[in-house]
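Me: Got a minute to go through this structure with me? I'd like to talk about the cavities and the sheets.

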2 protein chains.
Amino acid sequence: MAKPATRMPRAFEKNTLLNTPQTPKQDQAVVATKIPPARRGRATGRVTITDVAKAANVSPMTVSRSLKSPESVQQNLRDRITAVVQKLGYVPNQAASTLASSKSQVIGVIVPSLTNAVFIDTLSGIRDCLGAAGYQFLIGESGYSPAKERELIATYMAHAPDGFLLTGIEQQEASRVLLASNHIPAVRMYDLSKNVNDLTVGFSQKKAGYSVARHLIERGYRRPAFMAAQLDPRTMKRREGFRKGLKEAGLNPNLEILLPVPTTIELGAQLFTKILEQRPDCDAVFCCNDDLALGVLFECQRRGIQVPTQMAIIGFNDLPWAAQSIPAITTIITPRYDIGYVAAELLLKTLKGKPIDKARVDLGFELAIRGST
Amino acid sequence: MAKPATRMPRAFEKNTLLNTPQTPKQDQAVVATKIPPARRGRATGRVTITDVAKAANVSPMTVSRSLKSPESVQQNLRDRITAVVQKLGYVPNQAASTLASSKSQVIGVIVPSLTNAVFIDTLSGIRDCLGAAGYQFLIGESGYSPAKERELIATYMAHAPDGFLLTGIEQQEASRVLLASNHIPAVRMYDLSKNVNDLTVGFSQKKAGYSVARHLIERGYRRPAFMAAQLDPRTMKRREGFRKGLKEAGLNPNLEILLPVPTTIELGAQLFTKILEQRPDCDAVFCCNDDLALGVLFECQRRGIQVPTQMAIIGFNDLPWAAQSIPAITTIITPRYDIGYVAAELLLKTLKGKPIDKARVDLGFELAIRGST
DNA sequence: CTGAAAGCGCTTACAG
DNA sequence: CTGAAAGCGCTTACAG
């Protein structure tokens, strides 16, 4: 910590923000007309609800009501207030609102990774639902670590989020306590709780793994391998389902390669190489993510292995390249946008105190059969 | 708007947050020991700075100082306060802090798209720098629209962000005014302002395009095409540089296909097909993003076109598959993590009032020559 | 180095 | 339907 920041940092004054001609007239509506060169007292210089109230000749409370529940204010007053709000460019101060109401309009969202395109789609779903309702987001990356997840929850606490959206159902005890003792609701995504009253939105990871095994067996493959990096609980459940399917068919489920590092295309190629060294007669690979699968496909091309005749490849998630590669990659299509959207809906209902008809929402998955099997 | 939310929504009480045994003892440290079953007055029930002050037998101001500038508080008081903070599980109320200090510890970050992996890396850089300094982020997607960007800035205004990180240098007039009139500093990324006093961190998009042209020419290609979707200003500057390079070498720069839609692998294949229809003798394609380039590569495989002998492919950004595909794709490596990190550093300096030695930071780019040319 | 007072800009909880 | 008062939990700006 150096010197405390001054109100108008020197450097900022020196470096003009944007190189522009001054004060264009047509934009006045968006901007406070009252821009004081210096602040009065401790005020920020921003237009306040009191400024609006004075100009509209009503009390601040009426302005507040007019903004939050217009139907509770007389038409004529409302119109007058709306006009003044426009004219002065009033923007409510969220910090003051949060302090007074203890509602922050902020939702904490924690996903394992932002580099995994899967969760970006989920964020879009969340944003489309809760963003429309006026919420903002604190988005955190747990790096697949429950401890980091707990730290993020604790950090976000300072901002008093109204709710949380979390990934997976394996939170730390401390995370639960932190949320419960502050009465903050949370919806958990990408898996389904055994307790039907828990708020969870996802699909059965185990069934997804099982369906992959069934597909390979039906296609006649007999020596399939399982390849996983990023050994999060959901990946391990897929594996469980996959093994179950193989065992039921009397196949050996033990050709596996598991590595607790992020999945990448490059890693897919490397792990595939190891599998071939271990079991040259392997005839199929189930990859826990499509980037691994693409790496396997590239390695097959490099080695002249024919897909799918000599080697079958199945991925997971239907990332953009899976449907485009030559051959296209058979994969599990996961409802990742919907998971975000539906989880957000569930949280919104909870925040509004609306009844929840179904707390555990199974959105399913789909096996997309393509050229690689 | 339905009924106003009640403090403890019914649904939330019915659906227990997480299915757990109750009150584990080892987690007490993280949680307020004082969890009132009902709130007293308007209070939230959270531990406040006054609670800490009483328990430590000092004034609230001393607690505040002990937390924000420990060196200004006597060692023994500080220790006492730290212990109480721990014991009570005190978490400062950010809303109160923001209201009193008009510093929110929040930064607005606006990128064109989150589905483009490019900007995810930039966010990582921003987080690694400003996150360490205790800032949180409001992250917005402008969809490459300056109007949407302005709306986001306006929306974020309610949260009184301390600064903004924006993408590109083509903001709307209204955006500039909004920031300037509220004295909010902004650093702009991915391009360089002509004004050396503007805070910009990026590289010369035009030079990058030019260097691609030079490379193709040196390799002996004579009928190169330019393929772009997502026609943002930076893409158009690359095009400008590319055309300049071709013209200097006496080549025809007019084999172009431009489409104002998001780039995808699939689109790359489609646009390439159109290029071939238009000019079957085309011998190279410069794609404005690596996903287009991968689509072109797949289409070449489909058609039996040899890369690079019959067709050269150059992409942009060095996305994960570019180095892995068969053949690997020649591309421009852009410093996207660094752009975020350095822009964040610059903003941090500005916020702290530290002197800025260089307001315009050119981080350059690198041409990675691979098998596809 | 420490503290008492006032204030940030809203909304709650009452009154009318 | 509208408003005056009080308070949310911090930090600023003074004093000592």
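Me: Which element gives the largest share of the lining of the second largest cavity?

Reply: Helix 10 of chain B, with three residues. Keep in mind that this is a predicted model.

Me: What volume does the second largest cavity have?

Reply: About 170 Å³. It is lined by 18 residues. Closest to its centre are B:N116, B:Y144, B:D232, B:R238 and B:N317.

Me: And which elements give two or more residues to that lining?

Reply: Helix 6 (117–131) and helix 10 (233–248), both of chain B.

Me: Where does it sit relative to the domains?

Reply: Between domain 2 (104–203 + 338–364) and domain 3 (205–333) of chain B, because both give residues to the lining.

Me: How do the lining residues divide into nonpolar, polar and charged?

Reply: For the second largest cavity, seven are nonpolar, eight polar and three charged.

Me: OK, step back. How many cavities of 30 Å³ or more are there?

Reply: Three. The largest has a volume of about 210 Å³.

Me: Which residues lie nearest the centre of the largest one?

Reply: A:V106, A:H159, B:Q94, B:V106 and B:H159. The full lining of the largest cavity has 16 residues.

Me: Which elements supply at least two residues each there?

Reply: From chain A, helix 5 (94–101) and strand 2 (136–141). From chain B, helix 5 (94–101).

Me: How many of that lining are charged?

Reply: None in the largest cavity's lining. Its residues are seven nonpolar and nine polar.

Me: Switching to sheets. What is the strand order in the four-stranded one of chain B?

Reply: The order is 7-6-8-9, in an open sheet with parallel pairing. Strand 7 (256–259) and strand 9 (312–314) are the edge strands, each pairing on one side only. Neighbouring strands are turned by 15 degrees against each other on average, direction ignored.

Me: How many bridges join strand 6 and strand 7 of chain B?

Reply: Four, in the parallel sense. Strand 6 of chain B covers residues 224–229. Its B:A229 stands opposite B:L259 in strand 7 of chain B.

Me: What does helix 9 of chain B touch on the sheet?

Reply: Strand 6, strand 8 (284–287) and strand 9 of chain B. Helix 9 covers residues 205–218, and its direction makes about 160 degrees with that of strand 9 of chain B.

Me: Back to helix 10 of chain B. Which strands does it lie across?

Reply: Strand 6, strand 7 and strand 8 of chain B. Helix 10 of chain B runs at about 175 degrees to strand 6 of chain B. So this helix packs on the sheet and also lines the cavity between domain 2 and domain 3 of chain B.

Me: Now chain A. What is the order in its six-stranded sheet?

Reply: 2-1-3-4-5-11, again an open sheet with parallel pairing. The edge strands are strand 2 and strand 11 (360–362) of chain A. The twist averages 15 degrees from one strand to the next.

Me: Which residue is the bridge partner of A:I110 in strand 3 of chain A?

Reply: A:L166. Strand 1 (residues 106–111) and strand 3 (residues 163–167) of chain A pair in the parallel sense over four bridges.

Me: Last one. Which strands does helix 6 of chain A lie across?

Reply: Strand 1, strand 2, strand 3 and strand 4 (186–189) of chain A. Helix 6 (residues 117–131) of chain A runs at about 160 degrees to strand 2 of chain A.

Conventions:
Residues numbered from 1 in each chain as written. Chains lettered and ligands numbered in written order. Predicted model: local features only at pLDDT ≥ 70, side-chain atom pairs only at ≥ 80, totals over all residues. Heavy atoms only, no water. 1 Å grid on protein atoms, 1.4 Å probe; cavity = no way out; pocket = protein on both sides within 12 Å on 5 of 7 lines; lining within 4 Å. Points joined across faces, edges and corners; volume = space filled by probe spheres on them. Nonpolar A, V, L, I, M, F, W, Y, C, P; charged D, E, K, R; others polar. Domains from an automatic or database assignment. Pairing = 2+ DSSP bridges. Axes fitted to C-alpha atoms, helices over the stretch in contact; angles between N-to-C directions. Contact = heavy atoms within 4.5 Å.
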